[in-house]
Amino acid sequence: YGLAVLVVVVATTEIVAQATLPVAPPGVEPIVTQERLFSIPFYLNPRQPLPSELSLYVSGNKGRQWTLYQKRTPDQQRFDFQAGDEGEYWFVVRTPFTSINPSEQSSPEKIVVVDQTDPQLEVKIEQGSSGQIKAKWTAQDSYLDTSTFRINYQNPGDETWHPVTVRLPVTTGDSKFEGDVTWLAEAEQGD
């Protein structure tokens, strides 16, 4: 019997920390974003004297070199950062009370990865003789959030999208993920 099915596969890059992220010092989980402009909030201990200003230092080479990026007063409560390019940015905040400038030995207090490269996704769909549908996929992205991977299908003339239960893609190395799933499409209404 003939079956036409529209299949939608979705996988996104989200702000997440996962095993494929760059190696970070213990306790500092990188945050991945597609945005080049973002804010870094800061919180001050109310039991400590307020500093007159806070200084944000940034390193685009994993701490080998630090640059003073911005100064703020305590009431401003955040730094605004504009990344020039995609990449991994390390941040550290200093006050007059901690006047030692960051060096190669300094650990970052926050790591943000700017990744604006879309994932590469290849999907192959086959229909078996008894109506089963098989989807096989390969995705490549340095920061793919596999928990966002979904497959949905829609029967012709049906406005309802039907989810397909899939196992999360597994990595094959080099930030490449692959998987497959076979299912039977739900019968169209009126069949």
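Tyr-89 is a convenient place to enter this predicted model: leaving aside residues up to four places away in sequence, Tyr-89 touches Val-58, Ser-59, Gly-60, Phe-81, Ala-83, Gly-84, Lys-110, Ile-111, Val-112 and Val-114. Tyr-89 is also one of the residues that touch the most other members of the largest nonpolar core, a set of 14 residues. Phe-38, Ile-40, Leu-56, Phe-79, Phe-81 and Phe-91 share that distinction. Two or more residues of this core come from each of β3 (37-41), β4, β6 (78-82), β7 and β8. Apart from this core lies another, made of eleven residues that include Ile-133, Val-164, Trp-183 and Ala-185.

The strands around the larger core can be followed through their pairing. Strand β7 spans residues 87-94, and seven of its eight residues are buried, so the rest of the structure largely encloses β7. β7 pairs with strand β4 (residues 54-59) in the antiparallel sense, over five bridges. Within this pairing, Ser-59 has Trp-90 of β7 as its bridge partner. β7 also pairs with strand β8 (residues 110-114), again antiparallel and over five bridges. Here Gly-87 stands opposite Val-114 of β8.

Aromatic rings add a further layer to the picture. Seven aromatic pairs are counted in the model. In one of them, Phe-38 and Phe-81 have ring centres 5.4 Å apart and planes at 50°; the pair is therefore tilted, as edge-to-face would require over 60 degrees. Because Phe-38 belongs to strand β3 and Phe-81 to strand β6, this pair ties together parts that are 43 residues apart in sequence. Both Phe-38 and Phe-81 are buried. Phe-81 also pairs with Phe-91, this time edge-to-face, with 4.9 Å from centre to centre and 85° between the planes. Since Phe-81 lies in strand β6 and Phe-91 in strand β7, the second pair ties together parts ten residues apart in sequence. With a relative accessibility of 3%, Phe-81 falls under the 20% limit and so counts as buried. Phe-91, at 2% relative accessibility, counts as buried too. Ring pairs join Phe-38, Tyr-69, Phe-81, Tyr-89 and Phe-91 into a cluster.

Another part of the chain offers a clear alternating pattern. Along strand β14 (residues 176-184), Phe-177, Gly-179, Val-181 and Trp-183 point to one face and are buried. Lys-176, Glu-178, Asp-180, Thr-182 and Leu-184 point to the other face and are not buried. Trp-183, on the buried face, is among the members of the eleven-residue core. β14 pairs in the antiparallel sense with strand β10 (residues 132-140), over nine bridges. In this pairing, the bridge partner of Trp-137 is Gly-179 of β14, a residue on the buried face of that strand.

A polar side chain with low accessibility appears in strand β12 (residues 162-164), which contains His-162. His-162 has a relative accessibility of 8%, so it counts as buried. Its side chain makes a polar contact of 3.2 Å with the side chain of Asp-158. Not counting residues up to four places away in sequence, His-162 touches Ile-151, Asn-152, Tyr-153, Asn-155 and Glu-186. Strand β12 spans residues 162-164, and Val-164 is among the members of the eleven-residue core.

Seen as a whole, the protein chain has zero helices and 14 strands. Of its 191 residues, 38% count as buried. Among contacts between residues at least 6 apart in sequence, 63% join residues at least 24 apart.

Confidence varies along the chain. The mean pLDDT is 80, and 82% of the residues reach 70 or more. Among the elements, strand β5 (residues 67-72) has the highest mean pLDDT, at 96, while strand β1 (residues 6-10) has the lowest, at 44. The pLDDT is below 50 over residues 1-22, a stretch that has 77 contacts in the model beyond near neighbours in sequence.

Definitions and conventions: Residues are numbered from 1 along each chain as its sequence is written. Side-chain values use heavy atoms; hydrogens and water are left out. pLDDT is the predictor's confidence in each residue, from 0 to 100. Helices (H or I, at least four residues) and strands (E, at least two) are DSSP runs, numbered from the N terminus. Contact means heavy atoms within 4.5 Å. Buried means under 20% relative accessible area, exposed over 50%, partly exposed in between (1.4 Å probe, protein chains only). A polar contact is a pair of N or O atoms within 3.5 Å; within protein, one must be able to donate a hydrogen and the other to accept it, and residues adjacent in sequence count only if both atoms are side-chain atoms. Two strands pair if DSSP finds at least two bridges between them. A nonpolar core is a set of buried Ala, Val, Leu, Ile, Met, Phe, Trp, Tyr and Cys residues joined through side-chain atoms within 4.5 Å. Rings of Phe, Tyr and Trp (its six-membered ring) pair if their centres lie within 6.5 Å; planes under 30 degrees apart count as stacked, over 60 as edge-to-face and the rest as tilted.
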